[in-house]
Amino acid sequence: MHLVCPSCGTTNRIPDQRLSDAPVCGRCSTELMAAAPVNLSDAALPRFLAGTELPVLADFWAEWCGPCKAMAPTFAAVARQMPEVRFVKVDSDAAPNASARFNIRSIPTLILFSDGRELSRQVGALPKSSLQRWLGAA
């Protein structure tokens with residue numbers, strides 16, 4: 001299994017049976033399977049999406065957005081419950097290229113990726129049960 005480090009961008013190869021052993025990046029020792037969303041920049045997002053073999057759920061948000069702030073604890077809670085999905089947060093104001101590339105017109109916008117390709121998209125804040133249901137159906 002290939003996992004890209006959210007901190008330094010190094011691609012790490014981890015045996016599937018060791019994913020639950022709290023693997024760390026071979027270069028910077030950042031935890032690769034942290035049960036919490038990680039923040040990614042314009043520069044880091046494309047490499048992370050292309051090189052991570054697990055599904056990636058990206059939350060495009062902004063600091064000034066009330067619904068984004070209200071949904072953040074739910075997003076973090078679901079990240080703790082679903083270690084088989086990598087959860088990332090992309091600040092639309094700080095990452096305008098990523099927002100443009102993925103045609104973000106409203107926030108919060110959630111995009112589920114697999115092998116770097118968009119599988120599904122959800123616009124608007126979701127309660128925990130709806131987010132879990134949507135991820136299960138995607």
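Let me start with a cut-off: a residue is exposed when its relative accessible area is over 50%, buried when it is under 20%, and partly exposed in between. Keep that in mind for the loops. One caution as well: this is a predicted model.

Now, two residues with unusual backbones. Most residues other than glycine have a negative phi, and most peptide bonds are trans. Ser-29 is not a glycine, yet its phi is positive, about 70°. It sits in the loop between strand 2 and strand 3. Is Ser-29 buried or exposed? Its relative accessibility is 53%, so Ser-29 counts as exposed.

Next, Asn-103. Again a positive phi, about 55°, and again not a glycine. Asn-103 lies in the loop between helix 3 and strand 6. Its relative accessibility is 41%, so Asn-103 counts as partly exposed.

That loop between helix 3 and strand 6 also holds Pro-108. Look at the bond leading into Pro-108. From Ile-107 to Pro-108 the peptide is cis, with omega near -5°.

On to the sheet. It is open, has five strands, and pairs in a mixed way. What is the strand order? It runs 3-5-4-6-7. Strand 3, residues 38-39, and strand 7, residues 117-123, are at the edges. Each has a single partner strand, so one side of each has no neighbour in the sheet.

Take strand 6 and strand 7. They pair antiparallel, over six bridges. Within strand 7, Gln-122 is the residue opposite Leu-110.

Now the helices. Helix 1 covers residues 44-51, and its buried residues are Leu-45, Phe-48, Leu-49 and Gly-51. Those buried residues pack against several elements, among them strand 4 (56-61), strand 5 (86-91) and strand 6 (109-114). Helix 3 (96-101) is another of their partners.

Helix 4, residues 128-137, lies across strand 4, strand 5, strand 6 and strand 7. Against strand 6, helix 4 runs at about 30°.

Helix 4 also packs on helix 2, residues 66-81. How far apart are their axes? The distance is 10 Å, and the angle is about 50°. Helix 2 and helix 4 are therefore oblique to each other. Their crossing is right-handed.

Who meets whom there? From helix 2 come Thr-74, Phe-75, Ala-77, Val-78 and Gln-81. From helix 4 come Lys-128, Leu-131, Gln-132 and Leu-135. The contact residues split into five nonpolar, three polar and one charged.

Methods
Residues are numbered from 1 along each chain as its sequence is written. This is a predicted model: local features need pLDDT of at least 70, side-chain atom pairs count only at pLDDT 80 or more; totals for chains, interfaces and linings use all residues. Side-chain values use heavy atoms; hydrogens and water are left out. Buried means under 20% relative accessible area, exposed over 50%, partly exposed in between (1.4 Å probe, protein chains only). Helices (H or I, at least four residues) and strands (E, at least two) are DSSP runs, numbered from the N terminus. Contact means heavy atoms within 4.5 Å. Two strands pair if DSSP finds at least two bridges between them. Axes are lines fitted to C-alpha atoms, for helices over the stretch in contact, and angles run from 0 to 180 degrees between N-to-C directions. Angles under 35 degrees count as roughly parallel, over 145 as roughly antiparallel, 65 to 115 as roughly perpendicular and the rest as oblique. A crossing is left-handed if the near helix is turned anticlockwise from the far one by less than a right angle, and right-handed if clockwise. Ala, Val, Leu, Ile, Met, Phe, Trp, Tyr, Cys and Pro count as nonpolar, Asp, Glu, Lys and Arg as charged, and the others, Gly among them, as polar.
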